[in-house]
Amino acid sequence: MSYRPLFAEPGVKETSARVSGANVIFPGNMERLQKLIGLVQSGWTVHWTSHEANEFRGELSVAEVGVSEVRMNPTKAAPSRYTWPLEGDDFTIEGTAITEYKADHAYTGGRASTLTLRFEAPR
């Protein structure tokens, strides 16, 4: 039997109000995502945190921003690109930070954050 997550009702999108979070996807706000993509530029810093078992945490710099992904300047043992979420994916955006989630995550038994990127303009 294939895994079929539930989608939160529109009134509780991007929050956990009245929903346990287990097996529930909160589709991210695509309008906020487009604003973030339009804001981020080459030379910005990316504070990258993976919440998975093989945690990576660090700072990278943006090399190029595209409609489907953002590329970072190469660093040893660090990710070189990030693919923006698609319509229906479970993510939140707060300011210039994006966090991705997975429903029914193996490590928590429910909805869990798996990746956070915070973009910062040069000072």
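These exercises work through one predicted model, from its helix to its aromatic cluster. Residues are numbered from 1 along each chain as its sequence is written, and side-chain values use heavy atoms, with hydrogens and water left out. Because the model is predicted, local features need pLDDT of at least 70 and side-chain atom pairs count only at pLDDT 80 or more, while totals for chains, interfaces and linings use all residues.

**Exercise 1. The two sides of α1**

Task: Find which residues of α1 are buried, and state which are exposed on the other side.

Solution:
- Step 1. Fix the terms. Helices (H or I, at least four residues) and strands (E, at least two) are DSSP runs, numbered from the N terminus. Buried means under 20% relative accessible area, exposed over 50%, and partly exposed in between (1.4 Å probe, protein chains only).
- Step 2. List the buried residues of α1: Leu 33, Leu 36 and Ile 37. Seen down the helix axis, they fall within an arc of 100 degrees, so they line one face of α1. The arc is that of the directions from the helix axis to the C-beta atoms.
- Step 3. Turn to the other side of α1. Glu 31, Lys 35 and Gly 38 are exposed there.
- Step 4. Check the start of α1. A side-chain oxygen of Asn 29 reaches to within 2.9 Å of the backbone nitrogen of Glu 31.

**Exercise 2. Salt bridges**

Task: State how many salt bridges a search of the whole structure finds, then examine the pairs of Lys 35, Arg 71 and Glu 120.

Solution:
- Step 1. Apply the criterion: a side-chain nitrogen of Lys or Arg within 4 Å of a carboxyl oxygen of Asp or Glu. The search finds 5 salt bridges.
- Step 2. Start in the helix. Lys 35 and Glu 31 form a salt bridge at 3.7 Å, N to O. They lie 4 residues apart in α1 (residues 30–39), so about one helical turn separates them. An α-helix has 3.6 residues a turn, so residues three or four places apart point the same way. Both Lys 35 and Glu 31 are exposed.
- Step 3. Move to Arg 71. Its side chain meets that of Glu 69 at 2.9 Å, N to O. Arg 71 is partly exposed at 38%; Glu 69 is buried at 15%. A network of salt bridges links Glu 69, Arg 71 and Arg 81.
- Step 4. Finish with Glu 120. Its salt bridge to Arg 118 spans 3.9 Å, N to O. Glu 120 is partly exposed at 22% relative accessible area, and Arg 118 is partly exposed at 37%.

**Exercise 3. Aromatic pairs and the core**

Task: Describe the geometry of the pair Trp 48 and Tyr 82, and place both residues in the core.

Solution:
- Step 1. Set the cut-offs. Rings of Phe, Tyr and Trp (its six-membered ring) pair if their centres lie within 6.5 Å; planes under 30 degrees apart count as stacked, over 60 as edge-to-face and the rest as tilted. The whole structure holds 3 aromatic pairs.
- Step 2. Read the geometry. Trp 48 and Tyr 82 are edge-to-face, 6.0 Å centre to centre with 90 degrees between the planes. The pair links distant parts of the chain: Trp 48 is in β3 (residues 45–50), Tyr 82 in β6, 34 residues apart.
- Step 3. Check burial. Trp 48 is buried at 7%, and Tyr 82 is buried at 4%.
- Step 4. Extend the set. Tyr 82 and Trp 84 have ring centres 5.7 Å apart and planes at 85 degrees, so this pair is edge-to-face too. Trp 48, Tyr 82, Trp 84 and Phe 119 form one aromatic cluster.
- Step 5. Place them in the core. A nonpolar core is a set of buried Ala, Val, Leu, Ile, Met, Phe, Trp, Tyr and Cys residues joined through side-chain atoms within 4.5 Å. The largest has 20 residues, and those touching the most other members include Trp 48, Tyr 82, Trp 84 and Phe 119. The elements giving two or more residues to this core are α1, β3, β4 (57–65), β5, β7 (91–94) and β9 (110–120).

**Exercise 4. Two polar contacts**

Task: Identify the side-chain partners of Thr 99 and Asn 73 in polar contacts.

Solution:
- Step 1. Define the contact: a pair of N or O atoms within 3.5 Å; within protein, one must be able to donate a hydrogen and the other to accept it, and residues adjacent in sequence count only if both atoms are side-chain atoms.
- Step 2. Take Thr 99, in β8 (residues 97–105). Thr 99 is buried at 13%. Its side-chain partner is Thr 116, at 3.2 Å.
- Step 3. Take Asn 73, in the loop between β5 (69–72) and β6 (81–83). Asn 73 is partly exposed at 33%. Its side-chain partner is Ser 61, at 2.5 Å.
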